[in-house]
Amino acid sequence: MSYCVNCGVELETSLKACPLCNTPVINPTKPHPEVTSSPYPTDKGQVEVVKRKDLGILLTVVLSATAGTCLLLNLLVFNSSLWSLVVIGSCLCLFVFTCPAIFYSKMPVYLILLSDGVSVVIFLYLITYVTDADLWFWLLGLPVVALVTVMAEIFALLVRFFPFTVLSCALYLFVGIPAFCVILELLIKHMLNKPYRITWSAVVLTVCVIIDFALVTILAKKRLRNEVRRRLHI
């Protein structure tokens, strides 16, 4: 029977530490286990950041290869329809969307939004060309994309020329959302040849108007505005 060298408590032979003071139990008759070092480095390094140019080259090659191979597959094998135009259009949209962040980050935001809208219009038109159905494009697709682009441009102007806060940004959004919903419902009614009357968008409009009144009141009252910012940590 062995005893703890620190507190003297009696120990079982199978114990590796004293149950009272947690002192390690070492048997001098047994060899100590060799401590092996880890094969991995202990110093934490940082992986080199991928350059934008290299990332842009990779993205361009992948999108170009996808569009080109699908076009060849369409022309040589599955040639019943020009389905590859849809793939080419999606590759074009991805390239236009990621181009400002990868190739030229100093591009004006207004030009970025305009180019995004144009690329989406081209993509929808290619779908129209493949499906031979252009009514939805002219009466719904094109107006909706144009509406979203214009509203995004207006939002960018408001953010640039007026004080930008979380509350003001929320006000802009809750003004734009009901306007978009009302115009969208009217466009759908026009495409379906139904009477111009708002139904579901009226619910969205009512809720957003209530929120807008609350936000305007908060922004107009300095003490209330500061209290909301303090409570919401914004």
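A residue is taken as exposed when its relative accessible area is over 50% and as buried when that area is under 20%, with partly exposed residues in between. By this criterion arginine 230, at 52% relative accessibility, counts as exposed in the predicted model considered here. Arginine 231 likewise falls in the exposed class, because its relative accessible area is 62%, whereas glutamate 227, with a relative accessible area of 29%, is partly exposed.

These three residues are linked through their charged side chains. Arginine 230 and glutamate 227 form a salt bridge with an N to O distance of 2.6 Å, and both residues belong to helix H7, which spans residues 222-232, where they stand three residues apart, or about one turn of the helix. Glutamate 227 also meets the side chain of arginine 231 in a salt bridge, with N and O separated by 2.9 Å; here the two partners are four residues apart in helix H7, again about one turn. Through these shared partners, Glu227, Arg230 and Arg231 are joined into one network of salt bridges.

The structure holds three salt bridges, and among them is a pair in helix H5. Lysine 189 forms a salt bridge with glutamate 185, the closest N and O atoms lying 3.5 Å apart. Because lysine 189 and glutamate 185 are four residues apart in helix H5 (residues 166-191), about one helical turn separates them. Both lysine 189 and glutamate 185 are buried, in contrast to the exposed arginine 230 of helix H7, which has 52% relative accessibility.

Helix H5 also contains proline 178, which counts as buried because its relative accessibility is 3%, a value that falls under the 20% cut-off. When neighbours within four places in sequence are left aside, proline 178 is in contact with Leu173, Val204, Leu205 and Cys208. The C-alpha atom of proline 178 is separated by 8.2 Å from that of alanine 202, a residue 24 positions away along the chain.

As regards the overall organisation, the protein has seven helices and two strands, and its elements run β-β-α-α-α-α-α-α-α from the N terminus on. Of the 234 residues in the protein, 24% are buried. Among contacts with a separation of 6 or more, 48% are made by residues 24 or more positions apart. The accessible surface amounts to about 17100 Å², and 70% of this area belongs to carbon and sulfur atoms.

Helices H1 and H2 pack against each other at an angle of about 170°, with their axes 9 Å apart. Since angles over 145 degrees count as roughly antiparallel, H1 is therefore roughly antiparallel to H2. The residues of H1 that take part in this packing include Arg52, Leu55, Gly56, Leu59 and Thr60, as well as Leu63, Thr66, Ala67, Cys70, Leu71 and Asn74. On the side of H2, the residues met by H1 include Ser84, Val87, Ile88, Cys91 and Leu94, together with Phe95, Thr98, Ala101 and Ile102.

A nonpolar surface patch of about 1100 Å² is made by Leu71, Leu72, Leu73, Leu75, Leu76, Val77, Phe78, Leu82, Tyr125, Tyr129 and Trp138. The elements that give two or more residues to this patch are helix H1 (52-76) and helix H3 (109-131), and H1 gives the most, with five residues. Leu71 thus appears both in the patch and among the residues of H1 that meet H2. Phenylalanine 78, another member of the patch, is found in the loop between H1 and helix H2 (84-102).

Helix H3, one of the two elements named above as giving two or more residues to the nonpolar patch, also holds serine 119. Serine 119 counts as buried because its relative accessibility is 2%, which is under the cut-off of 20%. With residues up to four places away in sequence not counted, serine 119 touches Cys93, Val96 and Phe97.

Note on methods. Residues are numbered from 1 along each chain as its sequence is written. This is a predicted model: local features need pLDDT of at least 70, side-chain atom pairs count only at pLDDT 80 or more; totals for chains, interfaces and linings use all residues. Side-chain values use heavy atoms; hydrogens and water are left out. Patches are made of residues with over 30% relative accessible area and no salt bridge: like charges are joined within 9 Å, nonpolar side chains (Val, Leu, Ile, Met, Phe, Trp, Tyr) within 5 Å. Accessible areas come from the Shrake-Rupley method with a 1.4 Å probe; for residues, only the protein chains shown count as cover. A salt bridge is a side-chain nitrogen of Lys or Arg within 4 Å of a carboxyl oxygen of Asp or Glu. Buried means under 20% relative accessible area, exposed over 50%, partly exposed in between (1.4 Å probe, protein chains only). Contact means heavy atoms within 4.5 Å. Axes are lines fitted to C-alpha atoms, for helices over the stretch in contact, and angles run from 0 to 180 degrees between N-to-C directions. Angles under 35 degrees count as roughly parallel, over 145 as roughly antiparallel, 65 to 115 as roughly perpendicular and the rest as oblique.
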